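Colleague: I would like to go through this model and ask how each label was earned. Please show it first.

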Amino acid sequence: MQMRSFLVAALAAGTATAHMNMKDPAPLAYKGNPNAKEPNIDYSITSPITAAQYPCKGNLKLLGTPEGAPVKTYAPGQQYTMSVEGGAAHNGGSCQLSLSYDKGNTFTVIKSFIGNCPTSSGGTFNFGIPSDAPQGDEVVFAWTWVNHTGNREFYMSCAVVSIKGGASKRDAVTEKRAVAFAQRPKVFTANLGGEFCTKEGVDTVFPDPGPDVENTSTSPGPAILCASGADAPAGSSGSGSGSGSGAGAGAGAGSSAASSAPATSAAQQPSSAIAQEPTSAAAAQPTITGGVFVTEPPTGASSSAAAPTTFSTATVSAPSGGSGSDNSGASSSAVAQPTSVVAVSPTSSANVPTTTGGAGAGTGGAVGTQSGPCPNEGDWACSADGASFQRCASGQWSAALPMAAGTKCTPGVSNDFAIGRVRRNRVRRSGNGLAY
């Protein structure tokens, strides 16, 4: 009888402490990692980490040893799957996948999952290696998780992988137009005694989830500032206790431009990093600045239940530019040409008008900017001169954000956001006059 009671108690204790961990790729110190050896195998790998264990539960000490050898090889621009296992999914929550090229000092997010991560059985999740991700033989691949219910915790599993080869030229160009690797955000950290905490009972909407987001949540909610309990500002990520801030070899830390729009508890988190062209010594291409806008219906407005939100960028043919000036003293002429349209799914069932904003709309800021309440959640507003834009978030217009040098938006208010690139046509003199 005594032995039976002991076994029941032991099983109960094991169930209580079993949480979740990344299974594939096999993490450092994981019993399923073929490189792992005693006494370094972590038999409590499913448990949350402490501030002192960040990053990677302290297992980065194995880098550079046979136990820290790569377990997978990925190629930039290709799609893969990773999996999670364990016995206590805490009703899911939100996860991120990230890469570190500097031995864990910084982690750059490659995909965010909002809601249903992990599933009750752990689950398998799709992700892609950005086509412009640097190559490396000792890259740390991290899975991080903030749970939906239970104690406010932070989980992190890390594997060592190699990134080699590359995508086709077309894939690389498409990826770079979306957002450059160096501009992706740093991994979000919370509940480690730092700046950010998370609420229980919601799927945390990361303040800056990056351009690749899978949102299947029916109960999203913002991260909060631990000190005040206020919603975390959009564009922030937290650095985690003990994490470094220096850039890794060949990998950017991932800076982000934060908007002034407030984060709210019924947020649907879009990715708003828009079109960046690669740079070269011959010609500097424009970079689009912007922030993450978190929207919710205004107080009292009815809305349907939250659903997965899809944001896409479609490249369209540019119209032919106008002819250059006949003035012999002119050296160039600027023609604004739309190069892409960002289609943003409306977040409420109300019809969204596509009205045009006039030069006198709103008060303050750039000509034609909006201010005060806005009727249609998620609308975009472009100033009359095309030099700045805003977003309708939580029933209010955000502060105007400037367009990047060399780009303009299409003036007006709409649920679509059209961006044009100012192309300069060179004018040179010839023996018979001007040539274009």
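**Labels and their reasons**

Modeller: In this predicted model, C374 and C392 form a disulfide, with their sulfur atoms 2.0 Å apart.

Colleague: Why is the pair of C374 and C392 called a disulfide?

Modeller: The cut-off for two cysteine sulfur atoms is 2.5 Å. The sulfur atoms of C374 and C392 are 2.0 Å apart, so the pair counts as a disulfide. The link of C374 and C392 is right-handed, with 85° about the S-S bond.

Colleague: What makes C374 and C392 a tie between parts of the chain?

Modeller: C374 lies in the loop between β15 (332-344) and β16 (380-382), while C392 is in strand β17 (residues 388-393), so the disulfide ties together parts that are 18 residues apart in sequence.

Colleague: Are these cysteines buried or exposed, and how do you know that of C374 and of C392?

Modeller: Buried means under 20% relative accessible area. C374 has 5%, so C374 is buried. C392 has 0%, so C392 is buried too.

Colleague: How many disulfides does the rule give?

Modeller: The count comes to 5. With the bonded cysteines counted along the chain, the pattern is 1-4, 2-3, 5-6, 7-9, 8-10.

Colleague: What is known of the disulfide between C197 and C226?

Modeller: The S to S distance for C197 and C226 is 2.0 Å. This link is right-handed, with 110° about the S-S bond. C197 is in strand β9 (residues 196-197), and C226 is in the loop between β13 (224-225) and β14 (311-315), 29 residues apart.

Colleague: Why is C226 called partly exposed?

Modeller: Partly exposed covers what is neither under 20% nor over 50%. C226 has a relative accessibility of 31%, so C226 counts as partly exposed.

Colleague: Which handedness does the link of C95 and C117 have?

Modeller: The link of C95 and C117 is left-handed, with -110° about the S-S bond. C95 sits in strand β4 (residues 93-100) and C117 in the loop between β5 (108-114) and β6 (124-128), 22 residues apart. The sulfur atoms of C95 and C117 are 2.1 Å apart. Both C95 and C117 are buried.

Colleague: What makes β4 largely enclosed by the rest of the structure?

Modeller: Of the 8 residues of β4, 8 are buried, so β4 is largely enclosed by the rest of the structure.

Colleague: How do you know that β4 pairs with β7, and what about β5?

Modeller: At least two bridges are needed for a pair of strands. β4 and strand β7 (residues 136-147) have 8 bridges, in the antiparallel sense. β4 and β5 have 6 bridges, also antiparallel. S94 shows both pairings: the bridge partner of S94 in β7 is V146, and in β5 it is I114.

Colleague: Why is S94 called buried?

Modeller: The limit is under 20%, and S94 has 0% relative accessibility, so S94 counts as buried. S94 is in strand β4. Among the residues that S94 touches are F113, W145, D203 and F206, leaving aside those up to four places away in sequence.

Colleague: Which backbone oxygen lies 2.7 Å from a polar atom of the S94 side chain?

Modeller: That of T204. The cut-off for a polar contact is 3.5 Å, and the distance here is 2.7 Å.

Colleague: How many aromatic pairs does the structure hold?

Modeller: The structure holds 13 aromatic pairs. In one of them, the rings of Y74 and F127 have their centres 5.6 Å apart and their planes at 80°.

Colleague: Why is the pair of Y74 and F127 called edge-to-face?

Modeller: Ring centres must lie within 6.5 Å, and planes over 60 degrees apart count as edge-to-face. The values for Y74 and F127 are 5.6 Å and 80°, so the pair is edge-to-face. Y74 lies in strand β2 (residues 72-74) and F127 in strand β6, so the pair ties together parts that are 53 residues apart in sequence. Y74 is buried at 4%, and F127 is buried at 0%. Y74, Y80, F127 and F141 form one aromatic cluster.

Colleague: Where does the charged end of R391 sit?

Modeller: The charged end of R391 sits over the ring of W380, 4.4 Å from the ring centre. The distance cut-off is 6 Å.

Definitions and conventions
Residues are numbered from 1 along each chain as its sequence is written. This is a predicted model: local features need pLDDT of at least 70, side-chain atom pairs count only at pLDDT 80 or more; totals for chains, interfaces and linings use all residues. Side-chain values use heavy atoms; hydrogens and water are left out. Helices (H or I, at least four residues) and strands (E, at least two) are DSSP runs, numbered from the N terminus. Buried means under 20% relative accessible area, exposed over 50%, partly exposed in between (1.4 Å probe, protein chains only). A polar contact is a pair of N or O atoms within 3.5 Å; within protein, one must be able to donate a hydrogen and the other to accept it, and residues adjacent in sequence count only if both atoms are side-chain atoms. Contact means heavy atoms within 4.5 Å. Rings of Phe, Tyr and Trp (its six-membered ring) pair if their centres lie within 6.5 Å; planes under 30 degrees apart count as stacked, over 60 as edge-to-face and the rest as tilted. A charge sits over a ring if NZ of Lys or CZ of Arg is within 6 Å of the ring centre and within 35 degrees of the ring normal.
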